[in-house]
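I opened the notebook to look up how confident the prediction is, where the cores lie and what surrounds a few chosen residues.

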Amino acid sequence: CRPEQAGVFSELFESVPDALLLVDATGRIVMANSHAAQLFGYPQNAFVDLHVEDLMPEGVRGGHHQQRATYMGNPRVRPMGASDQALIGQRSDGRQFPVEIALSPLSSPDGQPRYLASIRDISESLRARQAMVRTRYDALIAQVGQSALESADGNSVMENLPAQLAEVLGIEAVAIAFRRPDGDGVEVRSSFGLDDEWRGFLADSDHADGGFW
């Protein structure tokens, strides 16, 4: 690209508030902004000697090679870590933290593929979400306790609890199961969001240990 285009790209790259990494087809980092340096604890000019796997916990690096190859074989704009995915970054001092990532393929004038990774530390928002869930959960426990005191036999409390838990925890299905006295499998007392096949699966002693599902 022309010098003026390169200058505009560099300015935009640096002005974005998230950590940005530009990666080549081998996973090598070819460019990083100052926010990436602050987030991962590396000098900004040190990123060119790193691969993206160097910014992850050692235990996931091997598997990420294949994941990266799969993505690069079918590149597209892709958000990651915003739902139920657990993505972890690792700083230069070994400290780990949860992240959200957005991936985007870029066209390069030299014909070599490039990929842009926008990375955000979600430690604070994760803690806030956990605190919110905990508050709602505590309120539910208080409500369940009150209902149990007011219930004649407790059956209505047991029947309503799975749906209440699913709402508080933001999940699609909950089952309450107890191990049978003879130790042969479990008995599903109540459930929410599960069909008969799943309830039968949980009751199979080969798959269940009892408790909350």
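What pLDDT does the protein average? I noted an average of 77, with 69% of the residues scoring at least 70, where pLDDT is the predictor's confidence in each residue, from 0 to 100. This is a predicted model, in which local features need pLDDT of at least 70 and side-chain atom pairs count only at pLDDT 80 or more, while totals for chains, interfaces and linings use all residues. Residues are numbered from 1 along each chain as its sequence is written, and side-chain values use heavy atoms, with hydrogens and water left out.

I then looked up the elements (DSSP runs numbered from the N terminus, helices being H or I of at least four residues and strands E of at least two). Strand S9 (residues 211–212) has the lowest mean pLDDT, 32, and H2 the highest, 94. Over residues 205–213 the pLDDT stays under 50, and the model has 25 contacts for them beyond four places in sequence, contact meaning heavy atoms within 4.5 Å.

Next I looked up the largest nonpolar core (buried Ala, Val, Leu, Ile, Met, Phe, Trp, Tyr and Cys residues joined through side-chain atoms within 4.5 Å). It has 24 residues, and Phe40 and Phe47 are among those that touch the most other members. Outside its neighbours within four places in sequence, Phe40 contacts residues including Phe47, Leu55 and Ile119.

Last, I turned to Ser190, which lies in strand S8 (residues 186–192). Ser190 counts as buried because its relative accessibility is 8%, buried meaning under 20% relative accessible area, exposed over 50% and partly exposed in between (1.4 Å probe, protein chains only). Leaving aside neighbours within four places in sequence, Ser190 has contacts that include Met158, Val174 and Ile176.
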